[in-house]
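Me: Got a minute to go through a model with me? Here it comes.

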Amino acid sequence: MRAAATSVRSGVLFFKYVTVAIGAVAAFIAVNYVINEYSYLSQGSFRFVDIVLISGVVAIILSSVALVASLPSSLRVKFHRPWKASVGRPTYGFSAMLAVGLGATLGSPLFILIPLNIVQYEFVSLGSLVIATVLSILMAKVYSDMYSESARLGLDSVGGPSFTKAATGGRSVRYFISRLSMWVANTALAAYSKIVFIVFDFELMPGILANIGITGPESTTIVYLITGVFLAWTVLNALFEVKFLKMIGYIQIVLTSIMVVLLFYQSVLLGDAGSWNLTGIFHTGAAGGDWPLALIVNTGYLYLLFFGFQEIQALEHDAIEFSSIPIVSWIKRGFTVTKFKYLGMAMVGSVLIAAVINILYGVAVFSLHPNFTALNESSIPALYVTKLAIGPWQELITAAVFLIATITTFVPAFLAASRHLEALANDGFIPHSLSKLSYGFTLGAILILALGNENFLIDITDFLVLISLGIISLSAIWLRGHGISTLRRNDTLPLIVGVSCFVAGSTIYLLSPSVAVFGSVGIVVSYLIYVVYELGYLGSQLFLGILDSIVGLLLLVYPHFYSSQAFFLFSWLGLRTTDTSVLAAFLGLCAFFLFVNVIVDYAFRPRSKTESRPVPVVAN
């Protein structure tokens, strides 16, 4: 009898190992189809067959996770972050928080979006910058008010979505959408920063150095040194943020100060080179007679230049209770401000300083009246304008500022995205065990998104950030227990800000319909993942088996054909595919193993003492 039980146990374990192997192969196939379809969709196309394919990709991703997770817990390899998770001692004051907000706001998009937008849309571009500034200041005020209210009620207030959680509960759809949208938006922004950094460092930097006489091994050394600095700063923040929190804060202050001073300095030089010739600045440019609508649409497009201020709230636990204020505290000795006030001041200050820099730089570039076609053909228009107007040495300074801006954008975006994903795991929307690897999953998502189109990343960031901020703003009303029928005067500001965010976000559809559809479908699919997870271990496998079967049949009826036969990772193995037949086949295979796995797990489930147990239980 014991020998038979041992034999059955060995057979079950062998089946589990085979199931995990099938899940791993399915995950590999899923990655290939994700990359292929994402690269295709980011170009702007979206058809019914794409919906079927997306459903198939989602199904095989979920199935691969379920199959891999079926391995008994006693046999799993435990993964941990390379440091003990802890909350560091509060270190940041007003200056550090202002530097964080500015660093996250004045990023690499400034050097690309501002020159192109101001030359193409003229008055509409300026108006959009002003509207985005006002909207951000009002948003910062709403954040500050909600922070004070949350602190009074003793609620968590780390990051904007935490306000929605406090107002609607940790299991609400509104909280889920706000948190997930922030994760995708920050991941997309980090991916965008990664793309422009690679283009800058490996394609443009050698030419910039050659213009000042540096070539050969010296140029190559500098290029790889820049890459090393970028990677080192990322690793320092990602792995040792708690340990070196104070040092990181000081470095952030120094880098941001240098960036702001040099941006202001070069803006003045560019304006002087163009004699501040603003002829035509009040024309509506490419918008023509539709400039009112273009103003709203362009505001949504340029909001990417401002939303970084809300990263300050994500560092609330790292903020000291009282902080001095530069200049004011020097004049009035001993003057300090509480955390409830100076965080709001830092958010408003970062928006105002960023707005001044953005508008001044935009006006300075416009005064040069550069050729729009030449700007559009340049990978980083700011470098082209600087070299054209004030010479190669100033172009080198612009390159240095661009590098600082990229670093101070990528790292906060990457860390913020990791924290949002970790929060989703801690709140039960995804398996809690994944919270320890949130930074790894986020980095993988960044690498995949970086394969897409740059404009797609800008649009998806704008769309999801505005949707999330709209929900967060309305949370100020929900936090007070008010609804549509019980609105009061103090609900006016968050209502205006929330509706404005939704309006600006919806206009992204006019710029790129595929982005709005992609973002909306992504949110719906993600919530579907949560619903599946809530079904429990056996229920989720049964549901996924049925889903795999249905979607697999749909893929056979509506196959997706590819003009390019080689896939991203398939090509490494010499494998070729012309349609979705491989995906359909593996969906069928996953469905079979899921159904069998349900039967096995049910047959050998833990039983009560009164129930008979023919063989030892296989723990899952």
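The chat below goes through salt bridges, helix crossings, long-range contacts, loops and a surface patch.

Me: What kind of model is this, and how are residues numbered?
Reply: It is a predicted model, in which local features need pLDDT of at least 70, side-chain atom pairs count only at pLDDT 80 or more, and totals for chains, interfaces and linings use all residues. Residues are numbered from 1 along each chain as its sequence is written, and side-chain values use heavy atoms, with hydrogens and water left out.

Me: Salt bridges first. How many does the structure hold?
Reply: Three. The term means a side-chain nitrogen of Lys or Arg within 4 Å of a carboxyl oxygen of Asp or Glu.

Me: Which residue does Lys141 pair with?
Reply: Asp145, at 2.7 Å, N to O. Both residues lie in helix α5, four residues apart, about one turn of the helix. Helices here are DSSP runs of H or I with at least four residues, strands are E runs of at least two, and both are numbered from the N terminus.

Me: Is that pair buried or exposed?
Reply: Lys141 is partly exposed at 40% relative accessibility. Asp145 is partly exposed too, at 31%. The cut-offs: buried is under 20% relative accessible area, exposed is over 50%, and partly exposed is in between (1.4 Å probe, protein chains only).

Me: What does Lys165 bind to in its salt bridge?
Reply: The side chain of Asp427, with an N to O distance of 2.8 Å. This pair links distant parts of the chain, 262 residues apart. Lys165 is in helix α6 (residues 160–168), and Asp427 is in the loop between α16 (392–426) and α17 (438–449). Lys165 is partly exposed at 30%, whereas Asp427 is buried at 14%.

Me: And which residue meets Lys339?
Reply: Glu321, at 3.3 Å, N to O. This pair also links distant parts of the chain, with the two positions 18 residues apart in numbering. Lys339 sits in helix α13, and Glu321 in the loop between α11 (311–314) and β1 (322–324). Lys339 counts as buried because its relative accessibility is 7%. Glu321 is partly exposed at 44%.

Me: Switching to helix packing. What describes two packed helices?
Reply: The angle between their axes and the distance between the axes.

Me: OK, at what angle do α7 and α18 cross?
Reply: Roughly 150 degrees, and the axes come within 8 Å. That makes α7 roughly antiparallel to α18. Helix α7 covers residues 173–211. The axes are lines fitted to C-alpha atoms, for helices over the stretch in contact, and angles run from 0 to 180 degrees between N-to-C directions. Under 35 degrees is roughly parallel, over 145 roughly antiparallel, 65 to 115 roughly perpendicular, and the rest oblique.

Me: Left-handed or right-handed?
Reply: The crossing of α7 and α18 is left-handed. Left-handed means the near helix is turned anticlockwise from the far one by less than a right angle; clockwise would be right-handed.

Me: How do α5 and α19 cross?
Reply: At roughly 130 degrees, with the axes coming within 10 Å. So α5 and α19 are oblique to each other. This crossing is left-handed. Helix α5 covers residues 123–153 and α19 covers 492–506.

Me: Back to α18. Which residue is 7.4 Å from Ile467?
Reply: Ser178, C-alpha to C-alpha, though the two are 289 residues apart in sequence. Ile467 lies in α18 (residues 454–479) and is buried at 17%.

Me: What about Trp478? Where is it?
Reply: Also in helix α18. Trp478 is partly exposed at 22%. The C-alpha atoms of Trp478 and Thr164 are separated by 8.2 Å, with the residues 314 apart along the chain.

Me: Now the loops. What is the phi of Trp276?
Reply: About 50 degrees, a positive value although Trp276 is not a glycine. Trp276 is in the loop between α9 (245–273) and α10 (291–302) and is partly exposed at 33%.

Me: And the phi of His369?
Reply: Near 50 degrees, again positive in a residue other than glycine. His369 lies in the loop between α13 (339–367) and α14 (372–377). Its relative accessible area is 36%, so His369 is partly exposed.

Me: Last one. Which residues make the nonpolar surface patch?
Reply: Leu542, Ile546, Ile550, Leu554, Val557 and Tyr558, over about 530 Å². Leu542 is in helix α22 (residues 537–557) and is partly exposed at 41%. Patch residues have over 30% relative accessible area and no salt bridge; like charges are joined within 9 Å, nonpolar side chains (Val, Leu, Ile, Met, Phe, Trp, Tyr) within 5 Å. Areas come from the Shrake-Rupley method with a 1.4 Å probe, and for residues only the protein chains shown count as cover.
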